[in-house]
Amino acid sequence: MNQNSDSSDQPTGQDPLLLLKTLQLLWTKKEMKKQLKEEIRRGFAGLEDPLAGLLDMLESSSDWKGKGHSLGYYITTELQLWIKEHPAVQQSGIKLEKLQARVLRILAQCPANLLDPLISIYQLHTADRNYLLGHVSHLYHKGDYKEAAILSIKLKLQPDQDVEKMCTPLLLQDKTNLVEDYVGEYPELQSKLLQILDTWCEPGFNIRDITSQYQGLSRYKPEKFNRKMLSKLVFRLLDRFNVDPALCPNVINQRHLRTLHYLFYKRFVEKTMTQENWTDHVQSTVGENRWLQGHLIQLLISYCDLNTAARWAQRCNLPKEMLPYGVADELQKLQIQERVEDASKADNYEESKKKDYYQLPIPRANIHFLQTWEETLQCWEKVLQPGQVVGIDMEWRPSFGMVGKPRVSLLQMALKDEVFLLDLPRLLEQAEAEGEKEKLPHFIQMLYSDAAITKLGYGMSGDLSSLAATWSALKDMNKQAQSVVDLLTVDKQLQKSSIDWKKGGRKVDVLSPEQRYEDREFRQPEKGLSLLVQHVLGKPLDKTEQLSNWEKRPLREEQILYAASDAYCLLEIYEKLCKDPASFGLSSDLTGSLVGKPSIKPRAKKQLNKQEVLSPSGQQCKGSKKETSCPPAPISPKEFSVVCDNMLQGLGRYLRCLGVDVRMLENDDDHRRAAEIARQEGRVILTSGLPYQTLQSQVAEGRCFSVNCSEKAKEQALQVLKHFNVQVSLADIFSRCQVCNCDKYLKVSRERMRQLVEGSRQASGDGSSGCLVRCEEKPGQSCDTAVPACDAAQPGYTPHSERLEGQERHGASAALAEGTVLQVAAIPPGVLDKAELTDFYCCTRCGKVFWEGSHFGRVVSQFQDVLVDAGEEQSIYELS
């Protein structure tokens with residue numbers, strides 16, 4: 001900048017540039033800020049024209065052009081304050097007008113934080129608007145669109161500007177926040193902007209047709225202008241500015257068309273929406289709009305048939321010229337009659353489906369649909385009782401992404417023996433007619449704020465926000481609510497307790513194993529509350545009425561039952577979780593961790609005694625004070641066979657080393673595989689957390705046990721042994737192969753094992769075929785037949801059914817007659833040289849080799865509390 005510009009306007013007095021140098025020196029010394037402030041005020045007092053002096057200083061320095069609090073910003077704001085204290089310094093309008101050109105040059109370069117103080121100091125709001133508009137226009141035509149818009153906002157010039165011209169380049173550069181600020185205080189500009197955006201959503205519109213008008217656009221993002229993104233922007237602005245959606249017919253039509261596609265997907269692909277439900281929503285979505293009706297017919301042709309499309313064309317009274325050729329022909333032949341057979345089949349299918357879902361345990365007569373205040377008073381008396389537990393849910397008409405928050409249409413409250421469904425629109429209408437529209441909100445406030453009443457919900461914060469949208473008096477209900485239990489929070493805890501859920505991707509198939517594959521492939525995986533109901537209560541919710549039109553009256557019977565089930569199931573979930581949280585992998589003090597139960601102190605875990613043991617379902621079985629026979633009869637590990645869920649493989653390994661017949665699921669196996677194995681082989685299922693609830697219903701009582709997943713594998717093993725009264729002896733330890741679970745070993749002397757090792761090495765070196773180690777068996781037996789492994793494992797004992805054969809002179813490959821290769825290469829060379837090792841024991845199924853070692857002693861010490869003395873000679877060997 002030219003430091004001498006407009007020098008004739010500067011009266012004699014202190015030189016502002018000398019003042020600037022003094023201030024710059026003080027600015028570098030941060031500890032002298034107080035002295036800097038005093039120097040600025042003294043300096044302005046010594047200037048003949050402080051306003052022109054500030055411009056001189058700004059034009060002579062460039063530090064103020066950056067972001068942040070620069071020296072220029074500090075000087076300017078101090079002058080703004082100083083002028084308020086010395087109003088006589090303010091120059092006349094003629095003098096200010098002479099400074100405008102210099103001020104505007106600075107405004108064109110300064111950061112946003114300098115705009116307000118400069119505009120205030122030089123009173124630009126009172127300046128000639130045409131002059132200011134001309135300057136903004138100059139910035140705009142230079143391509144400084146952002147600067148022109150910001151200055152227009154600061155000077156409040158928007159009403160005198162073309163909103164499309166100003167906002168289009170900003171939108172093309174993805175500066176929507178600035179655009180919103182530009183029209184933020186002017187409703188007429190908001191409407192114009194939305195109309196512009198709506199024209200961009202017309203079919204066939206190409207945004208590139210208007211970009212050529214704006215040169216030098218930086219960060220141009222054409223991908224932001226697809227119809228989907230524009231639609232989201234328009235709906236957000238409609239909601240923010242509370243503008244009538246009718247101003248944007250193109251966007252509204254496109255949103256309705258997407259809703260139609262969604263409804264067809266739910267009905268014909270997912271098959272999760274009833275015919276009545278679907279019909280209601282299609283009719284309300286299409287309405288009298290001919291464009292949407294035409295698209296509806298095309299979709300019906302794609303998903304259904306010409307006859308169905310013709311029926312809808314007749315219902316919409318579409319003119320024949322709008323119909324596709326095939327539909328027009330079908331319409332001429334159409335006979336108005338119901339397809340009784342198809343409807344009957346559909347009804348039978350719907351009825352047969354019900355058995356797969358959660359059913360209300362209370363009679364239909366105990367579900368009350370309330371539409372009058374007299375009926376509601378009876379509900380209040382029952383609900384507002386100290387100690388009451390209430391399941392609460394709400395329903396509203398789905399908006400399918402349209403503008404505005406949903407208003408609650410139905411409020412469900414479930415007690416132990418009955419359910420109340422409050423028709424909120426009807427009750428509100430009656431209350432307003434009587435001049436008491438706050439009666440129902442007052443009741444709801446009383447309910448939620450009463451700490452003596454436990455309120456159960458699922459995702460309750462969302463429900464409360466919908467209530468607040470229905471009644472503004474309930475906007476702070478989230479803060480006032482007490483004794484609220486959100487089972488969504490519990491659901492998340494349940495998910496954390498299951499390794500299967502931690503992996504996050506496995507979908508739960510809710511159909512029973514008996515159902516056919518062709519039926520199962522159409523069912524969608526459960527989620528949300530329905531999935532929680534399935535895991536805790538055994539069956540999911542039937543969600544086919546979820547997307548109902550809950551504003552339409554009268555409600556259908558299916559809607560009433562669905563709404564009651566959604567609220568009542570919360571009571572049953574809560575009761576079951578509180579009764580036995582451990583079987584779900586939750587803390588034993590479930591209620592202490594829930595909101596609304598602060599007075600309940602955590603109870604310490606108590607040890608089980610002879611009068612109190614775990615029942616087969618995982619719950620405690622309390623005996624009388626006398627010694628009872630509640631524990632089962634003692635059994636040996638050979639008589640006990642289990643299948644371990646894939647989250648309990650550590651437990652399975654411990655039980656196997658104690659002689660228990662254990663099968664373990666692989667990591668990628670579904671939990672239901674455990675039930676199949678248990679039924680086929682007569683095994684007990686060992687599981688934990690959520691899978692227990694599903695698996696226990698698929699096997700006989702007492703054949704599924706829930707292990708405490710918070711304990712280590714050793715403690716879990718002790719828990720299983722005590723629960724089933726399994727008596728472990730020394731001979732049982734390592735009586736099964738730790739790798740494959742086989743209980744039959746081949747006893748091999750040290751000398752013979754040395755020959756096999758050497759022969760194996762030669763075979764791998766020269767490729768000779770080697771000899772065969774034969775395992776002879778009793779007629780009808782195979783290598784995995786249950787031959788007592790403890791006998792085969794005892795030192796000095798060789799089972800009569802086994803012997804070694806082969807050509808010892810040849811290089812011997814260590815293979816059994818059945819093709820099992822002995823894993824002799826895994827034996828360290830030093831082991832064969834130990835004099836105390838006289839025999840080795842080889843698994844006849846997988847070929848693993850074992851020998852005497854210290855591991856046996858460690859296992860004995862770990863489980864010495866449960867070992868029984870059977871008088872056996874101990875068997876000692878260690879995994880190679």
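The following exchange goes through some labels used for this predicted model and the values behind them.

Mentor: Numbering starts from 1 along each chain as its sequence is written. The model is predicted, with local features needing pLDDT of at least 70, side-chain atom pairs counting only at pLDDT 80 or more, and totals for chains, interfaces and linings using all residues, while side-chain values use heavy atoms and leave out hydrogens and water.

Trainee: What makes aspartate 280 and lysine 552 a salt bridge?

Mentor: The term requires a side-chain nitrogen of Lys or Arg within 4 Å of a carboxyl oxygen of Asp or Glu. The closest N and O atoms of aspartate 280 and lysine 552 are 2.8 Å apart, so the pair meets that definition. Aspartate 280 sits in helix α15 (residues 275-286) and lysine 552 in the loop between α28 (528-537) and α29 (557-579), so the pair ties together parts that are 272 residues apart in sequence. Helices here are DSSP runs (H or I, at least four residues), as are strands (E, at least two), numbered from the N terminus.

Trainee: Is aspartate 280 buried or exposed, and how do you know?

Mentor: Buried means under 20% relative accessible area, exposed means over 50%, and partly exposed lies in between (1.4 Å probe, protein chains only). Aspartate 280 has 13% relative accessibility, so it counts as buried. Its partner lysine 552 has a relative accessible area of 41% and is therefore partly exposed.

Trainee: How do you know that arginine 364 and glutamate 557 also meet in a salt bridge?

Mentor: Their N to O distance is 2.5 Å, and the same cut-off applies, so the pair qualifies. Arginine 364 lies in the loop between α19 (340-353) and β1 (367-370), and glutamate 557 in helix α29, so this pair ties together parts that are 193 residues apart in sequence. Arginine 364 counts as partly exposed at 35% relative accessibility, and glutamate 557 counts as partly exposed at 37%.

Trainee: Why does the pair glutamate 434 and lysine 439 count as a salt bridge?

Mentor: The closest N and O atoms are 3.6 Å apart, which is within the cut-off, so the pair counts. Glutamate 434, at 43% relative accessibility, is partly exposed, and lysine 439, at 24%, is partly exposed as well. Elsewhere, Asp56, Glu59, Arg102 and Arg105 are joined into one network by salt bridges that share partners. The structure holds 33 salt bridges.

Trainee: Why are α9 and α10 called roughly antiparallel?

Mentor: Axes are lines fitted to C-alpha atoms, for helices over the stretch in contact, and angles run from 0 to 180 degrees between N-to-C directions. Angles under 35 degrees count as roughly parallel, over 145 as roughly antiparallel, 65 to 115 as roughly perpendicular and the rest as oblique. The axes of helix α9 (residues 163-172) and helix α10 (residues 176-183) come within 8 Å and cross at roughly 160°, so the two helices are roughly antiparallel to each other.

Trainee: What makes α2 and α4 oblique?

Mentor: Helix α2 (residues 33-46) and helix α4 (residues 71-85) have axes that come within 10 Å and cross at roughly 60°. That angle belongs to the rest in the scheme above, so the pair is oblique.

Trainee: Why is asparagine 242 called exposed, when lysine 156 is called partly exposed?

Mentor: Asparagine 242 is at 70% relative accessibility and so counts as exposed. Lysine 156 has a relative accessible area of 40%, so it is partly exposed. Each has a positive phi without being a glycine: near 55° for lysine 156 and about 55° for asparagine 242. Lysine 156 is in the loop between α8 (145-155) and α9, and asparagine 242 in the loop between α13 (227-241) and α14 (249-269).

Trainee: Where is the cis peptide bond that involves proline 554?

Mentor: The bond joins arginine 553 and proline 554, with omega about 0°. Proline 554 is placed in the loop between α28 and α29.

Trainee: Which residues of helix α6 are buried?

Mentor: In helix α6 (residues 112-121) they are Leu114, Leu115, Pro117, Leu118, Ile119 and Ile121. Glutamine 123, which follows α6, has a positive phi near 50°.
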